[in-house]
Amino acid sequence: MKVWGRKDSTNVKKVLWCADELGLDVEHQPLGGRYGGLDEPVYREMNPNGLIPCLQDGDLVLWESNAIVRYLGAQYGAGRVYASDPKRRAGADKWMDWTSTTLVGAYKDWFINRVRRTAETRDSAAMERGLRFLREQLAVADQALASQPYLSGDDFGMGDIPLGCLSYPWFELDDQRPDLPHLEAWYHRLAERPAYRHRVMIEIT
């Protein structure tokens, strides 16, 4: 099994974290960003979008990070990361898609300007707009976590992975966070997991 993508990419973190949770032996090939290689014909043949991550597992080649997480869970972690009960699995799916569709745009506005741009090139209005939206929307997850320990339900699962990857920079960099105690308690539960510390809690770049 092989995964392409730079390890500090949020979407690559999802896949590597999931693989570690399942105890999978994965060969990791850095790609994208400072490593380049996204336009190489060999890679474009695997992923015509020229994005990361990309997974090869035997004769299967798969892109889209959430799809890869779902595949790994179904293939290697049924009953653990991937719930066997359709209702529980749908609940986890909901949070995966909510993070990727509702939060990611605002998160990028905040994160890219906060971390990757200088004071001279920063779009402060976009950063503040993204930050304000995140503060409002994360209250939705906080409310859900008031009645269950994980977004996936009673146990950790794939529904926790996308937001878990965004949460490390959020908790480390935003010193004016709203009081969301259930979300923070959930984050600390994730931080106790060795795979999370290894794959997600790395240098923020």
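These exercises, each with a worked solution, concern a predicted model.

**Exercise 1. The sheet**

Give the strand order of the open sheet and find which strands stand at its edges.

*Solution.*
Step 1. The open sheet has four strands, in the order β2-β1-β3-β4. The pairing is mixed.
Step 2. β2 (27–29) and β4 (60–63) stand at the edges, because each has a single partner strand. One side of each is therefore left without a neighbour in the sheet.
Step 3. Add the twist. Ignoring direction, neighbouring strands are turned by 15 degrees against each other on average.

**Exercise 2. Bridges of β3**

Work out how β3 pairs with β1 and with β4, and match up the bridge partners.

*Solution.*
Step 1. Recall the general case: strands of a sheet pair through backbone hydrogen bonds, either parallel or antiparallel.
Step 2. Take β1 (residues 2–4) and β3 (residues 54–57). Their pairing is antiparallel, over three bridges. Lys2 has Gln56 of β3 as its bridge partner. Trp4 stands opposite Cys54 in β3.
Step 3. Turn to β4. β3 and β4 also run antiparallel, joined by four bridges. Here Cys54 stands opposite Trp63, and Leu55 has Leu62 as its bridge partner.
Step 4. Put the partners together. Cys54 faces Trp4 of β1 and Trp63 of β4.
Step 5. Look at the connection. β3 and β4 form a hairpin with two residues between them. Gly58, in the turn, has a positive phi of about 65 degrees.

**Exercise 3. Backbone exceptions around the hairpin**

Locate the cis peptide bond and the residue with a positive phi that is not a glycine.

*Solution.*
Step 1. Start from the norm. Most residues other than glycine have a negative phi, and most peptide bonds are trans.
Step 2. The bond from Ile52 to Pro53 is cis, with omega near 5 degrees. Pro53 sits in the loop between α2 and β3.
Step 3. Glu64 is not a glycine, yet its phi is positive, at about 85 degrees. Glu64 lies in the loop between β4 and α3.
Step 4. Classify the exposure of Glu64. Its relative accessibility is 47%, so Glu64 counts as partly exposed.
Step 5. Continue into α3 (residues 65–76). This helix lies across β3 and β4 and runs at about 135 degrees to β4.

**Exercise 4. The surroundings of Gly50**

Is Gly50 buried or exposed, and which residues does Gly50 contact beyond its neighbours within four places in sequence?

*Solution.*
Step 1. Place the residue. Gly50 lies in the loop between α2 (41–46) and β3.
Step 2. Apply the cut-off: buried means under 20% relative accessible area. Gly50 has 8%, so Gly50 is buried.
Step 3. List the contacts. With neighbours within four places set aside, these are Leu38, Tyr43 and Arg44.
Step 4. Check a distance along the chain. Gly50 and Arg199 are 149 residues apart, and their C-alpha atoms are separated by 23 Å.

**Exercise 5. The annotated span**

State what UniProt places at residues 1–80 and describe that span in the model.

*Solution.*
Step 1. The unreviewed UniProt entry places the feature "domain: GST N-terminal" there.
Step 2. The span is 38% helix and 18% strand. Its end C-alpha atoms lie 20 Å apart.

**Exercise 6. Helices α5 and α6**

Describe the length and packing of α5 and α6, and find where α6 bends.

*Solution.*
Step 1. α5 (residues 124–145) has 22 residues and reaches 31 Å, close to the expected 32 Å.
Step 2. Its buried residues include Leu131, Leu134, Leu138 and Leu145. The buried residues of α5 pack against α4 (86–116), α6 (161–173) and α7 (181–191).
Step 3. α6 has 13 residues and reaches 19 Å, close to the expected 18 Å.
Step 4. α6 bends by about 30 degrees at Ser167. A proline, Pro169, follows within four residues.
Step 5. Count the burial. In α6, 12 of the 13 residues are buried, so this helix is largely enclosed by the rest of the structure. Among them are Ser167, Pro169, Trp170 and Phe171.
Step 6. Name the partners. The buried residues of α6 pack against α1 (10–21), α3, α4, α5, α7 and α8 (194–199).

Conventions: Residues numbered from 1 in each chain as written. Predicted model: local features only at pLDDT ≥ 70, side-chain atom pairs only at ≥ 80, totals over all residues. Heavy atoms only, no water. Pairing = 2+ DSSP bridges. Axes fitted to C-alpha atoms, helices over the stretch in contact; angles between N-to-C directions. Contact = heavy atoms within 4.5 Å. UniProt positions renumbered as here; feature names shortened; annotations may be inferred. Expected span 1.5 Å × (residues − 1). Buried < 20%, exposed > 50% of the residue type's maximum accessible area, 1.4 Å probe, protein only. Bend = angle between axes of the 7 residues up to and from the residue.
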